[in-house]
Amino acid sequence: MLSPSSTQLLLLSSLLLLKAPGPSMSCLLSTETEDFIDWWQHAVFYQIYPRSFKDSNGDGIGDLQGIIAKLPYLAETGITATWLSPIFKSPMVDFGYDISDYMAIQTEYGSMSDLEQLVHEANSLGIKIILDFVPNHSSDQHEWFKKSAAREAGYEDFYVWSDGQLDEEGQRQVPNKWQSVFYGSAWEWHEQRQQYYLHQFTKEQPDLNFRNPAVVQAMDDVLLYWLNKGIAGFRIDAVNHLFESESLSDEPLSGKSDDPLSYDYTEHIHTKDLPEVLDMVQHWRQLLEDYTAKHPTGGTRIMMTEAYAGLRKLADYYEDENGKRGSHLPFNFNFISSVSRESDARDFVYNVEKWLIYMPRGHAANWVMGNHDNPRAATRFGADSVDAMNMLLMTLPGVAVTYNGEELGMQDNLEISWEETVDPPARNAGELDFKKVSRDPARTPFQWSDSKNAGFSSADKTWLPVHANYPELNLESQKLANRSHYKVYKSLIQLRKLPVLRRGRFSIEPLSRAVFAFKRTLKDYNTLVTIINVSDKEQIVNLNDFINRPQQLIVEVAGVDSTYEPGQALSSSALALAAHEGLICKLLET
C-alpha cells in the first residue's frame with residue numbers, strides 16, 4: 001500500500017493535473033485517431049457465479065445448463081464476454097476454489113459436454129467465455145496431493161512441505177507463524193507424510209510449489225487443455241500468493257491486530273507479492289500469445305488477474321520496467337476497497353485518477369464494481385446509488401466488470417442465519433462474528449422473477465436463501481417497468497458503442513465535495529459528460545467552467561428516479577441533481 005507521504009504527493013500531482021488546461025488524462029489513453037483494436041479492450045465482462053445463476057434440474061444449485069438457458073438474456077443485454085467462477089471438480093469446501101481435478105467438471109454443475117455446448121452456443125451469440133483459474137492451491141483430494149503426501153516419485157515437491165521445528169521441550173511445532181487468509185495457522189500436519197504442508201486458505205487447500213518446474217508444466221497443460229476447448233481466456237485467482245520465501249522466515253508485526261491467528265496480525269512480506277509472481281504471470285502471457293498466434297481465428301486469448309496489492313505492483317502486472325507484458329487486465333478494485341457511501345466527490349476522482357496515473361501507457365484501464373467476495377454495490381453505496389454507480393462504471397475509459405445481479409441493483413441478503421451460513425471464513429469466525437466476514441450475503445440466487453425462489457430454482461430449498469425482496473426486485477418486473485435499473489444498464493451498454501466512449505479523450509474533476517463530473521471528447525463527435533452527486537442532498541451544479549463555455553446539455557441516460565428524460569434539453573449553468581443522482585448528457589453548441 002502507499003505510504004502517507006507518497007499518497008499526499010500523488011494527490012497533489014492529481015490536483016495539479018486537474019488545474020492544467022485540456023484533458024488531464026488524455027496522455028495515458030488513446031489519441032483521437034486511434035481505436036481499440038482488440039475485442040477485450042472495451043468489453044463489459046459479466047461475472048457469473050454459477051452456483052447462484054440458474055438451476056436447471058431442481059436441486060437448488062445453479063448449473064451449466066442453467067447458464068446455457070440464460071445466454072439469450074446476456075446477448076439481449078449486450079454482454080459480449082462472461083467469466084465463470086470455478087466449475088471444476090471439487091469437494092466444495094470453498095465452493096469450487098478447492099479443485100480436485102482441473103480437467104473435469106463438477107458433477108452438480110454438469111458435464112464436459114455441457115461445457116462444450118455452453119462455449120458453442122455462447123460463441124454463436126457473440127459471447128466469449130472466460131474461466132476462473134485457481135493455480136495457487138488445489139484441493140487436498142487432488143491426486144497430485146495424494147501422490148505428494150505418499151512421496152511418490154515426481155510428486156515429492158509438488159506442494160510446500162516442512163518438517164516444522166521442535167520447542168524447548170522437544171514438542172513438534174509449526175514451521176513459522178504464518179497465518180491463513182481464512183484465520184489460524186497456515187500450516188497443517190499431515191500424519192502420513194510426517195510433515196507440515198502450507199495452506200494460505202483453508203486446510204483443505206494446500207499450496208502448490210511453483211518453484212518446481214513440474215508444477216509449472218502441469219498448470220501450463222491445464223491452460224492449454226481449456227484453450228483447446230474454445231475458452232477465450234482466464235481470470236487467475238489469488239495470483240500474488242503463488243510464491244513464498246524459501247527461508248520460511250516469520251513475518252513482521254503489522255500493528256493492525258492483537259490476535260496472532262488473524263491474517264491482519266503480520267505484514268505478508270514472505271507470502272505475498274514476491275518478485276517471482278510477476279515472472280509467472282509473464283510466462284502465462286507468453287503461453288497465451290503463442291496459442292493465439294497458432295490459432296488466430298479465436299481472437300486474442302486473455303488473462304485477467306486478481307491481486308489485492310499496491311498500485312505500483314499492479315502496474316507491473318501490466319508490464320514491468322523493461323516493458324515485458326504480463327496480465328492483460330490486472331483487476332482494479334478501487335471502487336470496492338477505496339470508496340463507499342461515506343466517500344465524497346474528491347475520493348471518487350482521486351481513485352479514478354490514481355489508477356490512470358500508474359497504468360502504463362498503451363494498456364486498457366479496467367474498473368470492477370463488484371464481485372462474489374465483497375458486498376454488492378447496492379449494499380455498499382445504497383440502493384439509491386445503483387444507477388449512478390453503473391453510469392460511472394460504463395462511461396469511464398476501458399473495460400467494465402459487472403457482477404451478476406448488479407444490473408438489477410440486487411442487494412446483500414443480510415438475514416442469512418448462522419445455520420444457513422456456508423462460507424468458510426464465516427464458519428471459522430464462529431456464531432458471534434460470522435456476519436462480519438461472511439461472503440454469503442453477496443452470493444444469493446439471481447432474482448429472475450417473482451415466482452418461487454425468484455425463478456432461480458424449483459427446489460424446496462436453495463443452497464443459499466433467496467433475498468426476501470425478490471417479489472419486487474427481479475428481472476421480469478424490471479423488463480416490464482417503464483423505468484428500471486436493468487433498462488438503465490442496458491442503455492449504458494448501447495451507449496458504450498459510441499466512438500467517443502470507445503476512444504475519446506478523458507478528463508475528470510470534483511465540482512464540489514458532493515459532485516464530480518467527467519467528459520469524453522473526440523473530434524467530430526459530441527462530447528459526453530457524466531455528472532454524479534454522491535451526497536444525500538440535492539445539488540445545483542454549474543458546469544460551464546468544466547466544459548469551457550456555456551453549452552446545451554441533452555440527456556442521454558437518466559436514472560430510475562430522475563425527473564429528467566432522455567432527449568431533454570438542460571442548461572449547463574444550473575443543473576439540479578437529486579441526492580445520489582447520476583446523469584449522462586451530450587453537449588450541443590449554443
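**Close-up 1. Lining of the second largest cavity in this predicted model.** Ala377, Ala378, Val386, Met389, Asn390, Glu406, Gly409 and Met410 surround this space. Two elements each give two or more residues to the lining, namely helix H11 (377-381) and helix H12 (386-395). H12 supplies the largest share, three residues. The enclosed space comes to about 50 Å³. Sorted by class, its lining holds five nonpolar, two polar and one charged residues.

**Close-up 2. The largest cavity and its lining.** Here you can look into about 70 Å³ of space. Its walls are made by Ser340, Arg341, Ser343, Phe348, Phe381, Ser385, Ala388, Met389, Asn533, Val534 and His580. These lining residues split into five nonpolar, five polar and one charged. In total, the structure contains four cavities of 30 Å³ or more.

**Close-up 3. An open sheet of six strands.** Follow the strands in the order S16-S17-S18-S23-S20-S21, with antiparallel pairing. Strand S16 (505-510) and strand S21 (569-571) stand at the edges and have a single partner strand each, so one side of each lacks a neighbour in the sheet. From one strand to the next, the twist averages 30°.

**Close-up 4. Pairing of S16 with S17.** Six bridges join S16 to strand S17 (residues 515-521) in the antiparallel sense. To find your bearings, start at arginine 505, whose bridge partner in S17 is threonine 521.

**Close-up 5. Helix H16 packed on the sheet.** Helix H16 (residues 485-495) touches strand S18 (528-533), strand S20 (552-558) and strand S23 (582-588). The direction of H16 makes about 120° with that of S20.

Methods. Residues are numbered from 1 along each chain as its sequence is written. This is a predicted model: local features need pLDDT of at least 70, side-chain atom pairs count only at pLDDT 80 or more; totals for chains, interfaces and linings use all residues. Side-chain values use heavy atoms; hydrogens and water are left out. Two strands pair if DSSP finds at least two bridges between them. Helices (H or I, at least four residues) and strands (E, at least two) are DSSP runs, numbered from the N terminus. Axes are lines fitted to C-alpha atoms, for helices over the stretch in contact, and angles run from 0 to 180 degrees between N-to-C directions. Contact means heavy atoms within 4.5 Å. On a 1 Å grid over the protein atoms alone, a cavity is a set of points where a 1.4 Å probe fits but cannot get out, and a pocket is an open set with protein on both sides within 12 Å along at least five of seven lines; lining residues have an atom within 4 Å of a point. Grid points are joined across faces, edges and corners, and a volume is the space filled by probe spheres set on the points. Ala, Val, Leu, Ile, Met, Phe, Trp, Tyr, Cys and Pro count as nonpolar, Asp, Glu, Lys and Arg as charged, and the others, Gly among them, as polar.
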